[in-house]
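Biologist: I should be grateful for a close look at a single part of this model, with an account of how that part relates to the rest of the chain. Please take one element and work outward from there.

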Amino acid sequence: MIDDTLAGVQAAHEGAAARPVHATRELYRLSARLVGASARLERAARGLGAANDAALLDPEHAGEVPRLLIAATERWLNTAAILGGASEVLFSMQQAVLYELAT
């Protein structure tokens with residue numbers, strides 16, 4: 001999802017000079033996709049917290065849960081960093097297109 005969004009940002013950038021209004025709308029749509037991805041990431045964090053809480057209630061039967069939680073948390077952190085980077089790229093592109101429209 002994030003990679004597809006970045007590809008869309010690149011495509012909007014390439015067409016911005018010829019069709020700036022279309023590019024602005026496309027960037028807005030892509031921004032909404034990143035908001036959706038952020039919401040999914042937030043739900044995943046709550047799920048990790050719930051799994052952790054459940055494992056703490058019965059540590060003798062937690063088994064592999066701590067190891068799996070660590071691995072899932074690492075993936076979550078990596079995804080959050082990628083999402084943050086994609087958001088920065090999208091925001092910069094929106095600023096550039098809006099600047100071009102204003103000049």
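Modeller: G84 is partly exposed, because its relative accessible area is 29%, which falls between the 20% limit for buried and the 50% limit for exposed. This glycine is found in helix 3, and the model in which it is placed is a predicted one. Across space, G84 can be related to L34: the two are 50 residues apart in sequence, yet their C-alpha atoms are 9.3 Å apart. L34 is itself one of the buried residues of helix 2.

Helix 3 is therefore the part to examine, and it runs over residues 65-102. The helix has 38 residues and reaches 54 Å from its first C-alpha to its last, close to the 56 Å expected at 1.5 Å a residue. Its buried residues are L69, A72, L83, A86, L90, M93 and V97. These residues pack against helix 1 (2-15) and helix 2.

Towards the start of the numbering of helix 3 is L68, which also lies in this helix. L68 is partly exposed, since its relative accessible area is 46%. The C-alpha atoms of L68 and L48 are 9.9 Å apart, with their positions 20 residues apart in sequence.

Another leucine of helix 3 is L101. L101 counts as partly exposed because its relative accessibility is 39%. Together with V21 and L98, L101 makes a nonpolar surface patch of about 250 Å². A residue must have over 30% relative accessible area to join such a patch, so the 39% of L101 satisfies that condition.

Helix 2 is one of the elements against which the buried residues of helix 3 pack, and it deserves equal attention. Helix 2 covers residues 20-57. Its 38 residues should span 56 Å at 1.5 Å a residue, and its end C-alpha atoms are 56 Å apart, so expectation and model agree. The buried residues here are A23, E26, L27, L30, L34, A37, L41 and A55. Helix 1 and helix 3 are included in what covers them.

The list of buried residues in helix 2 contains a glutamate, E26. With a relative accessible area of 19%, E26 is buried, because the limit is under 20%. The side chain of E26 meets that of R29 in a salt bridge, at 2.5 Å from N to O. R29, by contrast with the buried E26, is partly exposed, as its relative accessible area is 41%. Both partners lie in helix 2, 3 residues apart, about one turn of the helix. An α-helix has 3.6 residues a turn, so residues three or four places apart point the same way.

A second pairing within helix 2 joins R46 and E42, whose closest N and O atoms are 3.1 Å apart. These two residues are 4 residues apart, again about one turn of the helix. E42 counts as partly exposed because its relative accessibility is 47%. Side chains of opposite charge can pair when their charged atoms come close.

The search of the whole structure finds 3 salt bridges. One of them involves R67 and E64, the closest N and O atoms being 2.5 Å apart. E64 is partly exposed, since its relative accessible area is 45%.

It remains to place these helices in the chain as a whole. The secondary structure comes to 3 helices and 0 strands, and the pattern along the sequence is α-α-α. The radius of gyration is 19 Å, well over the 13 Å that the globule rule gives for 103 residues, so the chain is more spread out than a compact globule. Taken along the principal axes, the C-alpha atoms fill a box of roughly 65 × 15 × 15 Å.

Of the 103 residues, 21% count as buried. The accessible surface comes to about 7,100 Å², and 60% of that area belongs to carbon and sulfur atoms. Among contacts between residues at least 6 apart in sequence, 78% join residues at least 24 apart. The packing of the buried residues of helix 3 against helix 1 and helix 2 may be read alongside that figure.

How values were computed
Residues numbered from 1 in each chain as written. Predicted model: local features only at pLDDT ≥ 70, side-chain atom pairs only at ≥ 80, totals over all residues. Heavy atoms only, no water. Patch = residues over 30% accessible without salt bridge, like charges linked within 9 Å, V, L, I, M, F, W, Y side chains within 5 Å. Areas by Shrake-Rupley, 256 points an atom, 1.4 Å probe, with all protein chains shown as cover. Salt bridge = Lys/Arg side-chain N within 4 Å of Asp/Glu carboxyl O. Buried < 20%, exposed > 50% of the residue type's maximum accessible area, 1.4 Å probe, protein only. Rg over C-alpha atoms; globule rule 2.2 N^0.38 Å. Contact = heavy atoms within 4.5 Å. Expected span 1.5 Å × (residues − 1).
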